[in-house]
Amino acid sequence: MAATPRFRNDAVAAPDADPHLAPARDSASADRKHPVDETLPPLRMFTSGLQHVAAMYAGVVAPPMILGPAVGLTPKETAFLMGASLFTAGLATLLQTLGFWRIGARLPFVNGVSFAGVTPMVAIGKDRGHDGIAVIFGAITVAGLLGFLLAPYFCKLVRFFPPVVTGTVITLIGVSLLPVAFNWSQGGNATAGDYGSTTNITMAAVTLVIVLALRKLLRGFLQQIAILLGLVVGTLIAIPVGITDFGAIKDADLVGFPTPFHFGAPQFEAAAIVSMCIVMLVCMTESTADMLALGRIVDRPADERTIEGGLRADTLGSAISPLFNGFMCSAFAQNIGLVAMTKVRSRFVVAAGGGILIVLGLVPVAASVIALVPLPVLGGAGIVLFGSVAASGIQTLATAALEKGENALIVAAAVGIGLIPIAAPDFYHAFPKDALVVLDSGISTGCVVAIVLNLAFNHLGRKPDPDPSPQEQSPAAAAAVAAH
């Protein structure tokens, strides 16, 4: 049995301690909470949670911003979808962090609208107005319920995620997110006249330098919220520069509730259901990899039960989201980078972020304040966040024994194929649209390739390596064998 982990340096009893007090000390050690389960003071809880919201906000509202005009919704209806997405992302995040029964990973795990579903949803609902939205919501509901039923079986794939696989996938998560930060740094809208302007890129660079300087100069709690402070300072600098848009505040309603089935009752079409079920499997694969990554970062490795609970929260959140006019939910990898950078591991901090998301969904004018952060400012901070995820993956690969067997080849092939959608976005343009759901996600393709190659090289038909002779063993290895 593994020893109980200790989280304080003063947990060891003094040499002259009364032996009669030993049981009490052992009990206290056993009762000590893991950092994941610790609660922080209210102010720290709120500001750290707000930092998570700031990191994910653009990712939550971007899919409805794309989908609304594509299906023919008015700007006001598109804004309604954005508020509903914030609200349902908050609900899904609370399911993950707090959980109930066997639902929820109970890790600092942020959930929000999945980008994987944008392309098929646009294809399903294009120019169909409210009917298109209703068909999309019907397909998401079915896919969510199916995923919920599959979660106990899907989680057993965890044994196929050794460090050579998880390190590859975590690295791909970070590298795949970096183009998002680069796009934000240029302005976010490739059709805009100032896209890629020196002003936008300079603001991104200034924000990046501010975040790095704050991380270097500050200590304690202020260092932990350096990203949030960097976003605030960057936004203040952006006001006189002229790239901060206050229009969102002027047009926002004070209060607004995502009325259930606002666009009509869900409609069910077989082709749409099949398409969204494929998306759900992709989301479950990515969430599994994200939970394994986060488990390593917070020093609570994700086992089968944790992954099962996390997948149930993902899929249940997706199934109930259409009720409140939201979309399919999955893990937000950028927030994993934030956990890695700040070292704040409490799941209750992320739960506070989930509560803030719910408030933003119910109070559009509050959501518009977060929207004041210009995308170039967010992009500068995103480079640090997403780079932190890639760095975590590299750290994991360092433990993957790349010198052994074909592990280096597995990483090379998986990373190479996973980078195709990033390096050559039109590479799969001739493939069927349904196939693009998987192929256009470098995380998904890289994950599948890493799993398959790991099975092929390290499991199927593998013969145990013969024990080396004593002459071939290193002194350390020989000593270890003798000890056993």
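Axes are lines fitted to C-alpha atoms, for helices over the stretch in contact, and the angle between two of them runs from 0 to 180 degrees between N-to-C directions. The exercises below use this idea on a predicted model.

**Exercise 1. Describe the protein as a whole: how many helices and strands does the protein have, and what percentage of its residues count as buried?**

Step 1. Begin with the secondary structure, which comes to 21 helices and two strands.

Step 2. Turn next to burial, where 50% of the 484 residues of the protein count as buried.

Step 3. Consider then the surface: the protein exposes about 22,100 Å², and 66% of this is supplied by carbon and sulfur atoms.

Step 4. Look finally at the contacts with a separation of 6 or more, of which 83% are accounted for by residues 24 or more positions apart.

**Exercise 2. Decide which orientation word describes helix H6 and helix H17, and state which residues meet.**

Step 1. Two packed helices are described by the angle between their axes and the distance between the axes. For helix H6 (residues 163-186) and helix H17 (residues 407-418) the angle is about 25°, and the axes are 10 Å apart.

Step 2. Angles under 35 degrees count as roughly parallel, and H6 is therefore roughly parallel to H17.

Step 3. The crossing in which H6 passes H17 is right-handed.

Step 4. On the side of H6 the residues that meet H17 are Val164, Thr168 and Leu172, while H17 contributes Asn407, Ile410, Val411, Ala414, Val415 and Gly418. Sorted by class, the residues of this contact of H6 with H17 are six nonpolar, three polar and no charged.

**Exercise 3. Place isoleucine 170 in the structure: is the residue buried or exposed, and with which residues is it in contact beyond its neighbours within four places in sequence?**

Step 1. Isoleucine 170 belongs to helix H6.

Step 2. Its relative accessible area is 2%, and because buried means under 20%, isoleucine 170 is buried.

Step 3. When the neighbours within four places in sequence are left aside, isoleucine 170 is in contact with Ala293, Val389, Ala390, Ser392, Gly393 and Thr396.

Step 4. Take valine 389 from a second point of view: isoleucine 170 and valine 389 are 219 residues apart in sequence, yet their C-alpha atoms are 6.6 Å apart in space.

**Exercise 4. Work out how helix H5 is oriented to H11, and then follow isoleucine 273 within the contact.**

Step 1. Helix H5 (residues 129-154) packs with H11 at an angle of about 45°, and their axes are 8 Å apart.

Step 2. This angle makes H5 oblique to H11, and the crossing of H5 and H11 is right-handed.

Step 3. Many residues meet here, including Val135, Ala139, Val142 and Phe154 in H5 and Ala272, Ile273, Met276 and Thr288 in H11. By class, the contact of H5 with H11 holds 16 nonpolar, four polar and no charged residues.

Step 4. Isoleucine 273, found in helix H11, has a relative accessibility of 17% and so counts as buried. Apart from its neighbours within four places in sequence, isoleucine 273 is in contact with Ala139, Val142 and Phe268.

Step 5. The C-alpha atoms of isoleucine 273 and threonine 141 are separated by 8.8 Å, although the two residues are 132 residues apart along the chain.

**Exercise 5. Which orientation do helix H9 and helix H16 have?**

Step 1. Helix H9 (residues 226-241) and helix H16 (residues 375-397) pack at an angle of about 155°, with 9 Å between their axes.

Step 2. Angles over 145 degrees count as roughly antiparallel, and H9 is therefore roughly antiparallel to H16.

Step 3. Ile227, Leu231, Gly234, Thr235 and Ala238 in H9 meet Val377, Leu378, Ala381 and Leu385 in H16. This contact of H9 with H16 has seven nonpolar, two polar and no charged residues.

**Exercise 6. Where do tryptophan 101 and aspartate 299 lie, and what is the phi of each?**

Step 1. Tryptophan 101 has its place in the loop between helix H3 (75-97) and strand E1 (111-113). Its phi is near 50°, a positive value in a residue other than glycine, and at 58% relative accessibility tryptophan 101 counts as exposed.

Step 2. Aspartate 299 lies in the loop between helix H11 (270-297) and helix H12 (304-320). Although aspartate 299 is not a glycine, its phi is positive at about 65°, and with a relative accessible area of 48% aspartate 299 is partly exposed.

Notes
Residues numbered from 1 in each chain as written. Predicted model: local features only at pLDDT ≥ 70, side-chain atom pairs only at ≥ 80, totals over all residues. Heavy atoms only, no water. Helix = DSSP H or I, 4+ residues; strand = E, 2+ residues; numbered from the N terminus. Parallel < 35°, antiparallel > 145°, perpendicular 65-115°, else oblique. Left-handed = near helix turned anticlockwise from the far one by under 90°. Contact = heavy atoms within 4.5 Å. Nonpolar A, V, L, I, M, F, W, Y, C, P; charged D, E, K, R; others polar. Buried < 20%, exposed > 50% of the residue type's maximum accessible area, 1.4 Å probe, protein only. Areas by Shrake-Rupley, 256 points an atom, 1.4 Å probe, with all protein chains shown as cover.
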